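Here are some exercises to try with a structure in front of you. Attempt each task first, then follow the solution step by step.

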Amino acid sequence: MEIGIDSFAKKTQTNEGGTVQDDARAMSELIERIVQADKVGLDVFGIGEHHREEFLDSAAHNILSAAAARTKNIRLTSAVAVISAMDPVRLFQNYATLDLICIVTFAITKKKGTQRVPFKKQLLMVQLDSR
């Protein structure tokens with residue numbers, strides 16, 4: 001049996017309208033939690049992927065790469081990889097590179113399901129830019 005955590009890189013509650021420094025601090029704290037999970041002996045830590053304003057994990061493989069450089073025993077994994085938001089070949093390449101960085105094997109989670117809601121603002125911005 002493995003014990004672990006699946007998480008997202010959510011901005012802190014005090015980060016509404018926050019600064020880049022607030023976002024950087026929230027990211028640093030997440031990586032520290034992953035390092036701590038490794039130190040206390042958890043088996044796995046997963047980061048999900050979101051493409052919404054209140055999350056910082058639109059490139060979860062980058063977060064996991066930063067954690068991989070600082071951990072030794074924990075298996076890192078994607079909790080969510082949104083294939084519909086990315087070229088599948090690029091997704092594979094990003095996570096294959098991460099697997100090379102990890103001392104312990106990396107695993108990618110797959111499941112079916114997506115939401116259209118996170119992309120409404122991005123689509124609106126594209127329409128405004130094309131005028």
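**Exercise 1. How are H1 and H2 oriented to each other: roughly parallel, roughly perpendicular or oblique?**

Solution. Keep in mind that you are working with a predicted model.

Step 1: Find the two helices. H1 covers residues 20–40 and H2 covers residues 60–68.

Step 2: Look at their axes. These come within 9 Å of each other and cross at roughly 55°.

Step 3: Compare the angle with the cut-offs. Under 35 degrees would count as roughly parallel, and 65 to 115 as roughly perpendicular. H1 and H2 are therefore oblique to each other.

Step 4: Add the hand of the crossing, which is right-handed for H1 and H2.

**Exercise 2. Which residues of H1 and H2 meet, and how do they divide into nonpolar, polar and charged?**

Solution.

Step 1: On the H1 side, pick out Met27, Leu30, Ile31 and Ile34. Their partners in H2 are Ile63, Ala66 and Ala67.

Step 2: Sort the residues by class. The contact of H1 with H2 has seven nonpolar residues, with no polar and no charged ones.

**Exercise 3. How are H2 and H3 oriented to each other, and which residues make the contact?**

Solution.

Step 1: Locate H3, the helix at residues 88–101. The axes of H2 and H3 come within 9 Å and cross at roughly 5°.

Step 2: Apply the cut-off of 35 degrees, under which helices count as roughly parallel. H2 and H3 are therefore roughly parallel to each other.

Step 3: List the contact. H2 supplies Ala60, His61, Leu64, Ser65 and Ala68, while H3 supplies Asn94, Tyr95, Leu98 and Ile101.

Step 4: Sort by class again. Here you should find six nonpolar and three polar residues, and no charged ones.

**Exercise 4. Why is H2 largely enclosed by the rest of the structure?**

Solution.

Step 1: Recall that a residue is buried if its relative accessible area is under 20%.

Step 2: Go through the helix. The buried residues in H2 are Ala60, His61, Ile63, Leu64, Ser65, Ala67 and Ala68.

Step 3: Draw the conclusion. Seven of the nine residues of H2 are buried, so H2 is largely enclosed by the rest of the structure.

Step 4: Ask what does the covering. The cover over the buried residues of H2 includes H1, E2, strand E3 (75–78) and H3.

**Exercise 5. How are the rings of Phe8 and Phe55 arranged?**

Solution.

Step 1: Find the pair. The structure holds one aromatic pair.

Step 2: Check the geometry. The ring centres of Phe8 and Phe55 are 5.9 Å apart and the planes lie at 65°, so the pair is edge-to-face. The cut-off for this arrangement is an angle over 60 degrees.

Step 3: Place both residues along the chain. Phe8 sits in the loop between strand E1 (4–7) and H1, and Phe55 in the loop between strand E2 (44–47) and H2. The pair links distant parts of the chain, 47 residues apart.

Step 4: Look at accessibility. Phe8 is partly exposed at a relative accessible area of 34%, whereas Phe55 is buried at 13%.

**Exercise 6. Where are Leu42 and Asn73 found, and how many residues apart are they in sequence?**

Solution.

Step 1: Place them. Leu42 is in the loop between H1 and E2, and Asn73 is in the loop between H2 and E3.

Step 2: Count and compare. Leu42 and Asn73 are 31 residues apart in sequence, and their C-alpha atoms are 8.6 Å apart in space.

Step 3: Classify each one. Leu42 is partly exposed, with a relative accessible area of 23%. Asn73 counts as exposed, at 58% relative accessibility.

Step 4: List the contacts, leaving out residues up to four places away in sequence. Leu42 is in contact with Ile3, Ile5, Ala37 and Ile74. Asn73 touches Asp38 and Val104. Between Asn73 and Asp38 the C-alpha distance is 6.2 Å, with their positions 35 residues apart in sequence.

**Exercise 7. What is the order of the elements in the protein chain?**

Solution.

Step 1: Take stock of the elements: four helices and four strands.

Step 2: Read from the N terminus on, and you get β-α-β-α-β-α-β-α.

Notes. Residues numbered from 1 in each chain as written. Predicted model: local features only at pLDDT ≥ 70, side-chain atom pairs only at ≥ 80, totals over all residues. Heavy atoms only, no water. Axes fitted to C-alpha atoms, helices over the stretch in contact; angles between N-to-C directions. Parallel < 35°, antiparallel > 145°, perpendicular 65-115°, else oblique. Left-handed = near helix turned anticlockwise from the far one by under 90°. Contact = heavy atoms within 4.5 Å. Nonpolar A, V, L, I, M, F, W, Y, C, P; charged D, E, K, R; others polar. Phe/Tyr/Trp six-rings, centres within 6.5 Å; stacked < 30°, edge-to-face > 60°. Buried < 20%, exposed > 50% of the residue type's maximum accessible area, 1.4 Å probe, protein only.
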